[in-house]
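Take a moment with the chain before reading on. Turn it around and try to follow the backbone from one end to the other.

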Amino acid sequence: MSNSPRFVAFERRPARAAASNTGGRFEKYTKSDVHDGWDIFEDLPILKTEVRDERPRSVVNYVRSPDLPFDRSLNPYRGCEHGCIYCFARPTHAYLGLSPGLDFETQLIARPEAAQVLDRELRSKSYQVAPLAIGTNTDPYQPIERDRGIMRACLEVLRAFRHPVAIVTKGTLIERDIDILADMAAQGLVRVGISVTALDPVLCRKMEPRAPSPKRRIEIIRRLTGAGIPVRVMASPMVPALTDPELEAILEAGASAGAESASYIMLRLPLEVADLWRAWLAEHYPNRLNRVMGHIREMHGGEDYAANWGARMRGEGVYADLIAQRFQRARRKLGLEERVAPLRCDLFQPPLARGAQMALDL
């Protein structure tokens with residue numbers, strides 16, 4: 001049976017970005033809603049967020065990519081309730097037998113023992129310290145973190161080990177952890193990237209339905225930098241002919257709030273994300289669909305996406321070069337750094353394990 005689109009009625013998915021719940025690329029069969037044959041009218045339920053727990057054997061994921069400035073990451077959660085339609089992490093839900101569409105936004109996986117596992121991994125005699133990236137796949141400060149506190153528990157471990165960490169988020173919950181982050185920042189152990197996709201609140205509400213407003217994200221930058229925590233404003237992803245007109249304004253807002261550096265990434269549409277994105281454009285901005293997709297294909301050799309090292313993050317061609325030139329000009333004008341000093345790794349020291357006895361220096 002083919003894996004055809006499984007669209008969900010608008011009234012059943014309030015504040016959700018994806019319009020369908022089509023199975024992932026590994027699924028042999030599709031699911032569909034059918035009438036049970038009884039002459040009883042029933043309203044189909046509104047999709048609600050559900051959370052299941054996972055107990056991982058390891059949480060430090062090692063990556064080997066010349067496009068990334070880090071070689072390891074950690075994810076407290078799988079799936080993300082922010083529901084950003086463009087999220088390149090959506091295809092990872094297919095590995096769980098779930099849809100990269102609405103399942104990615106509503107069927108979340110929490111890892112409540114992540115901090116304990118992280119503590120164990122950092123104590124390994126073979127572990128070699130290097131900055132750990134958090135938030136590069138799904139947001140560690142999405143709404144369920146308020147109740148679960150998994151990210152905060154991981155931060156407490158990292159602070160105890162004096163381990164460097166780079167965080168990417170658009171969630172306001174990071175402000176809850178300013179006490180830990182400020183302490184680590186004073187030791188050169190942390191930096192934060194705040195993602196600001198656009199400044200238009202109407203556009204953002206459609207594109208990132210459960211994420212904080214652009215104005216609120218700028219305020220996050222202000223509060224973090226006010227506490228001495230270094231922040232990068234991330235104009236990501238830049239969407240051709242939709243959000244890229246605001247590139248300079250985003251960088252200016254970030255700089256005014258205290259950001260010390262800036263970066264950008266062009267929209268990426270790997271695997272199932274391409275179909276989800278086109279359906280979203282057709283629903284919300286049908287008059288821009290051809291223009292947006294035309295620029296995207298121009299930057300990727302005529303395809304919706306090309307995973308070429310060195311080019312997949314920013315594309316190639318005339319349009320990609322124009323965005324790069326605009327970014328560099330605005331960055332220099334605002335005094336924002338593109339590259340920052342590396343986080344300190346020389347302070348790393350596993351703390352005394354609970355119940356362990358201190359050594360005697362004779």
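The paragraphs below go from the whole chain to its sheets and then to single residues.

Keep in mind that this is a predicted model. Start with the inventory. The chain holds eleven helices and ten strands. How compact is the chain for its length? Its radius of gyration is 21 Å, and the globule rule also gives 21 Å for 362 residues. The two values are close, so the chain is as compact as a globular protein of that length. Along the principal axes, the C-alpha trace spans about 85 × 55 × 35 Å.

Next, look at what is inside and what is outside. Of the 362 residues, 50% count as buried. The chain exposes about 17,800 Å² of surface. Carbon and sulfur atoms supply 52% of that area. Charges come in both signs: there are 51 positive and 46 negative side chains. The centres of these two sets lie 3 Å apart.

Contacts tell you how the chain folds back on itself. Take the contacts between residues at least 6 apart in sequence. Of these, 79% join residues at least 24 apart.

Now to the strands. Strands of a sheet pair through backbone hydrogen bonds, and they can run parallel or antiparallel. One open sheet has three strands, in the order β1-β5-β4. Its pairing is mixed. Which strands stand at the edges? They are β1, residues 50–53, and β4, residues 77–78. Each has a single partner strand, so one side of each is left without a neighbour in the sheet. Strand β5, residues 107–110, runs parallel to β1, and four bridges join the two. To find this pairing on screen, locate D53, which stands opposite A110 in β5.

Move on to strand β9, residues 231–238. Is β9 enclosed or open to the outside? Eight of its eight residues are buried, so the rest of the structure largely encloses the strand. Strand β9 has parallel pairings with two strands named here. With β8, residues 190–195, it pairs over four bridges. There, G193 has R232 of β9 as its bridge partner. With β10, residues 261–266, β9 is joined by five bridges, again in parallel. In that pairing, A235 stands opposite Y264 in β10. In a regular strand, side chains alternate between the two faces of the sheet.

Strand β9 also holds an unusual peptide bond to look for. P237 has its place in this strand. The bond joining S236 and P237 is cis, with omega at about -10 degrees.

Stay with the neighbouring strand for a moment. S261 belongs to β10. Is S261 buried or exposed? Its relative accessible area is 2%, and the cut-off for buried is under 20%, so S261 counts as buried. Set aside its neighbours within four places in sequence, and its contacts are V231, R232, V233, L336, E337 and V340. R232 is thus worth a second look: it is also the β9 residue that bridges to G193.

Two residues have a backbone angle worth checking. A15 sits in the segment before β1. Its phi is near 60 degrees, a positive value in a residue other than glycine. At 41% relative accessibility, A15 is partly exposed. L271 is the other case. It lies in the loop between β10 and α9, the helix of residues 273–284. L271 is not a glycine either, yet its phi is positive, at about 50 degrees. With a relative accessible area of 54%, L271 is exposed.

Go back to the segment before β1, where I46 is found. I46 is partly exposed, at 46% relative accessible area. Which residues does I46 touch, leaving aside neighbours within four places in sequence? They are E11, R12 and P14. Now pick out M299, which is 253 residues from I46 in sequence. The C-alpha atoms of I46 and M299 are 38 Å apart.

End in helix α11, residues 318–334, where A324 lies. A324 has a relative accessible area of 25%, and it is partly exposed. How far is A324 from T30 in space? Their C-alpha atoms are separated by 42 Å, and the two residues are 294 apart along the chain.

Note on methods
Residues are numbered from 1 along each chain as its sequence is written. This is a predicted model: local features need pLDDT of at least 70, side-chain atom pairs count only at pLDDT 80 or more; totals for chains, interfaces and linings use all residues. Side-chain values use heavy atoms; hydrogens and water are left out. The radius of gyration is taken over C-alpha atoms; the globule rule is 2.2 Å times the number of residues to the power 0.38. Buried means under 20% relative accessible area, exposed over 50%, partly exposed in between (1.4 Å probe, protein chains only). Contact means heavy atoms within 4.5 Å. Accessible areas come from the Shrake-Rupley method with a 1.4 Å probe; for residues, only the protein chains shown count as cover. Lys and Arg count as positive and Asp and Glu as negative; His and the chain ends are not counted. The place of a charge is taken as NZ of Lys, CZ of Arg, CG of Asp or CD of Glu. Two strands pair if DSSP finds at least two bridges between them.
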